[in-house]
Amino acid sequence: MTDSIRLAVDAMGGDLGPRVALNAAYSLANRRVLECQLYGPFDILAEFAPISLSNPSETPCIHELENGSRMIYHHACDVVSMEDRPAQALRHKQQSSMWFAVDAVRTGNADAAISAGNTGALMAMGRHLLKTFAGIDRPAIAKSIPTAKDDCLMLDLGASVKCDSEHLIQNALMGSVFMESVAGVESPRVALLNIGSEEIKGNEQIRLAAASLQANEALNFIGYIEGDQIYRGEADVVVCDGFVGNVALKVSEGVAQLMVQEMREAFVSSWYGRIVGRFARPLLRKWQRQFDPDRYNGASFLGLQGPLIKSHGAADELAFRSALELACEQVNSQVAGRIYRRFEQEPF
């Protein structure tokens with residue numbers, strides 16, 4: 001286990017600006033000993049940093065905390081915007097905070113990188129700088145989601161809109177390794193998201209992937225799973241292509257927001273609702289803690305030769321800290337190395 005984890009943070013990503021990234025980084029650094037490398041233009045970071053940042057230079061500014069944590073500010077003269085196309089960012093944003101954060105992992109100066117910025121640009125930079133392991137064609141975006149039982153890992157959530165059977169098989173194997181190493185699940189149940197549980201259901205790619213997974217003794221493949229079964233906790237790893245996964249995730253988030261909004265309105269719309277709401281408050285707080293989306297913020301680019309975490313663009317301080325904590329978990333559990341060894345031993 002790593003004693004002092006080094007996190008490279010793109011402080012300029014996200015809708016709420018560097019204030020969120022800096023506050024979250026300091027919050028975590030005050031709780032555990034680590035090194036946070038914060039990348040961004042000094043003239044902007046200076047507005048939120050608790051120390052004075054010198055004029056931009058090759059020398060970083062270091063803030064030593066009382067518990068031994070180090071906050072290291074690195075100047076980056078450019079920023080990747082949400083409007084930048086991935087190819088454009090790859091060619092023209094090599095002096096950006098996002099590029100520097102990802103490159104710190106490549107050079108070995110950081111153990112993991114985190115950004116709340118442009119997903120496409122982050123994906124492109126991750127593939128270009130960190131590369132994928134042999135046997136993995138492209139990385140997959142994976143995210144833990146709450147269920148009625150335990151957490152479940154879902155992938156892909158948008159890295160690849162179209163997946164052939166080989167990509168689905170690779171994602172299944174990476175997801176299984178993740179749940180074993182990070183969540184500590186022994187022999188994770190792996191399922192393919194489909195429109196039915198019968199063998200004849202689904203397109204050709206899903207059926208081909210299912211046949212290969214069923215024959216692989218290294219995986220605990222349980223077959224197909226339908227959308228309504230995901231939140232019952234009937235699988236530990238749910239595999240799908242990026243288009244289906246992204247739509248499923250966004251629909252789930254929308255339904256959760258609708259439920260919260262409707263309950264709030266119901267408990268304030270009448271005197272009866274206010275009375276019921278007062279008695280139901282402890283149960284609602286427990287439910288909120290269990291399914292709080294901020295707690296599950298942070299998606300992993302699995303398959304890259306180094307941990308790369310994508311935070312939600314609208315993340316607040318608590319949510320961004322969850323993404324930082326996910327990065328620490330991946331470093332401690334050596335997810336990237338385990339995926340490499342698994343594919344080296346049992347290539348598909």
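**Close-up views of a predicted model**

By the distance rule applied to this predicted model, the count comes to 10 salt bridges. The views below show some of these pairs and then turn to the sheet.

**View 1. A salt bridge joins R6 and D111.** The side chains of R6 and D111 meet with a distance of 2.9 Å from N to O. R6 belongs to strand 1 (residues 5–10), whereas D111 sits in the loop between helix 4 (97–106) and strand 5 (112–115), so the pair ties together parts that are 105 residues apart in sequence. R6 counts as partly exposed at 25% relative accessibility, while D111, at 18%, counts as buried.

**View 2. K93 pairs with D84 in a salt bridge.** The closest N and O atoms of K93 and D84 are 2.6 Å apart. K93 has a relative accessible area of 13% and is buried, and D84 counts as buried as well, at 10% relative accessibility.

**View 3. Within helix 4, D103 and R106 lie three residues apart, about one turn of the helix.** These two residues form a salt bridge in which the closest N and O atoms are 2.5 Å apart. D103 is buried, with a relative accessible area of 15%, whereas R106, at 46% relative accessibility, counts as partly exposed.

**View 4. Twelve strands make up an open sheet of mixed pairing.** The order of the strands across the sheet is 3-4-2-1-5-12-11-6-7-10-8-9, and its edges are strand 3 (61–64) and strand 9 (220–225), each of which pairs on one side only. On average, and ignoring direction, neighbouring strands of this sheet are turned by 25° against each other.

**View 5. At one edge of the sheet, strand 3 runs antiparallel to strand 4 (residues 70–75).** Four bridges join strand 3 to strand 4, and I62 stands opposite I72 in strand 4. A network of salt bridges links E35, E64 and R70.

**View 6. Strand 8 (189–193) and strand 9 are crossed by helix 7 (residues 204–215).** Helix 7 runs at about 155° to strand 9. Strand 8 is mostly covered, since four of its five residues are buried. Strand 8 pairs with strand 9 in the parallel sense over five bridges, and R189 stands opposite N220 in strand 9. The chain passes from strand 8 through helix 7 to strand 9 in a β-α-β crossover that is right-handed. Strand 8 also pairs in the parallel sense with strand 10 (residues 237–239), over three bridges, where V190 stands opposite V237 in strand 10.

Conventions:
Residues numbered from 1 in each chain as written. Predicted model: local features only at pLDDT ≥ 70, side-chain atom pairs only at ≥ 80, totals over all residues. Heavy atoms only, no water. Pairing = 2+ DSSP bridges. Helix = DSSP H or I, 4+ residues; strand = E, 2+ residues; numbered from the N terminus. Axes fitted to C-alpha atoms, helices over the stretch in contact; angles between N-to-C directions. Contact = heavy atoms within 4.5 Å. Buried < 20%, exposed > 50% of the residue type's maximum accessible area, 1.4 Å probe, protein only. Right-handed = clockwise from strand over helix to strand, strands pointing away. Salt bridge = Lys/Arg side-chain N within 4 Å of Asp/Glu carboxyl O.
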